Amino acid sequence: MGSLLLKNAEMLVTMDPSRREIADGGLYIEDGIIKQVGPTITLPQKADRVIDAGGQIVLPGFVNTHHHLNQTLTRNLPAAQNNNLFPWLKAHYRIWAKTGPEASRTSALIGLAELVQSGCTTVFDHSYLFRSGNKVDYQIEAAQDLGVRFHASRGSMSLGESQGGLPPDDCVENEDDILRDSIRVIDRYHDSTHGAMTRIVLAPCSPFSVSENLLKETAALARDKKVMLHTHLCETLDEERYTLERFGKRPVEWMEDLGWLGEDVWFAHAIHVDDDEIRKFSHSGCGAAHCPCSNMRLASGIAPIKKYMKAGVKVGLGVDGSASNDSSNILLEARQAMLLARLQIGLLPPEGPRKHFLLSQSHPLRAEEWMTARQALELATLGGASVLGRDDIGSLEVGKCADFFSIDLHTAAYAGALHDPVAAVLFCAPQSAYYTVINGKVVVDSGEISTMDMAPVVNAHNAHSRQLAQSG
């Protein structure tokens, strides 16, 4: 891969242990690994490629901890625009089941392209519906072709309506087939080494679409193969009612009994939890993927992110499915996480110092109650890396992977906001990346995808999307 020098950044945000923010900063990189970080004047002046980031802010690549890439095919369906989770899923299941190999590949490329153009460099995708010839292989190949660091799930659904599950019977798989294919995918693709571009996660879909047996067997297989585990949990009150009625337990207790709490587990959404369940997450090392846009779109609720952070729970951001967010913009997600946590302050019962604030608006909240811009950036970088079990990404430090992006600060969008350019990235409207570099390779150059011609991909994707919508 050779060497890469980034120089003259107006601001370089490292997210290192000292949280250095370096004016006129830069990076020197060899073979995809950061070798030097500091003021431009301290760095080598030559490299195989030199990027002049003058006028730009440079940040560590964002980490997306929950997504469903194939859902780009079903964005904005009229039948699903105004639904909460369960009816929304029922409007989509059979359409998703008809996604074939080429549609799967193009949808992955579309979602990944939108992510990297918003500063994302590492993506976890939760695919769980494999019918019509679709395999996780097609998403992995798309990520490799585009140049994205990718954690792919061999997800699953096995509990159809006839067995008390939510999905139609013709959308689920045989459990023996699921486990066999999980072994195949891990053995073929999983890379546990430092700087790995591809890793595999085992990810049964949800409490209402898989059996207890599959959850137990999947956890045992994941631990034998030393890969991570993921599922949706505590997303809606409908889910809570489902586990209470079917198993007599709240979702977290039920998953705990099945061996699904641990440092190798993270849950998507994790909204409807109590203080005892937050303590369980903290003590066991479980992580949470916070998906604010999707949670708002489906009226699912607001996850207690500040409580998680205070308790030491690992938290990252997820854009979630492109049919429950209708976007794959990770910078937008970070901004929304900051704003939604602030809204949550005003929705809490007025008590103590907060009572006076809410009644008179004359007493400021304590500093620790706010979600700051830098905290939101930390969720998007170091938080996501921690959730995915990685210590080689999430910050710009010597020895870590050369994953970063830049944004031009001298535009109308940031005019008047450069008193604090780091906070401006979150407080102002989300802007597109000028450069995105992954593993030392430029994937976005001057705002455009540089590793692939996206025009024919967009055209093919739209054709597949129309065909699927008509079939539904």
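This is a short tour of a few places to select in the structure above.

Before you start, note that this is a predicted model, in which local features need pLDDT of at least 70 and side-chain atom pairs count only at pLDDT 80 or more, while totals for chains, interfaces and linings use all residues. Residues are numbered from 1 along each chain as its sequence is written, and side-chain values use heavy atoms, with hydrogens and water left out.

**Stop 1: a strand and its distant partner**

Select Ile33, which lies in strand E3 (residues 33–39); strands here are DSSP runs of E with at least two residues, helices are runs of H or I with at least four, and both are numbered from the N terminus. Now add Lys400: the two are 367 residues apart in sequence, yet 5.8 Å apart in space, C-alpha to C-alpha. Leaving out residues up to four places away in sequence, Ile33 touches Tyr28, His194, Gly399, Lys400, Cys401 and Ala402, where contact means heavy atoms within 4.5 Å.

**Stop 2: helix H2 against H3**

Two packed helices are described by the angle between their axes and the distance between the axes. Show H2 (residues 101–116) and H3 (residues 136–146): they pack at an angle of about 45 degrees, with axes 8 Å apart. That makes H2 oblique to H3; angles under 35 degrees count as roughly parallel, over 145 as roughly antiparallel, 65 to 115 as roughly perpendicular, and the rest as oblique. Among the residues making the contact are Ala108 and Leu112 of H2, and Tyr138 and Leu146 of H3. The contact residues divide into 9 nonpolar, 2 polar and 3 charged.

**Stop 3: helix H2 against H15**

Keep H2 and add H15 (residues 455–471), which packs with H2 at an angle of about 125 degrees, with axes 9 Å apart. H2 is therefore oblique to H15. Look for Thr106 and Ile110 in H2, and Val457 and His461 in H15, which are among the residues that meet here.

**Stop 4: the cysteines**

How many disulfides are there? The count is 0, a disulfide being a pair of cysteine sulfur atoms within 2.5 Å. Select Cys205: its sulfur is 11 Å from the closest cysteine sulfur, in Cys171, so the two are too far apart for a bond. Cys205 is buried, with a relative accessible area of 4%; buried means under 20%, exposed over 50%, and partly exposed in between (1.4 Å probe, protein chains only). Finish at Cys291, whose sulfur is 9.3 Å from the closest cysteine sulfur, in Cys293, again too far for a bond. Cys291 is buried too, at 0% relative accessibility.

How values were computed: Axes are lines fitted to C-alpha atoms, for helices over the stretch in contact, and angles run from 0 to 180 degrees between N-to-C directions. Ala, Val, Leu, Ile, Met, Phe, Trp, Tyr, Cys and Pro count as nonpolar, Asp, Glu, Lys and Arg as charged, and the others, Gly among them, as polar.
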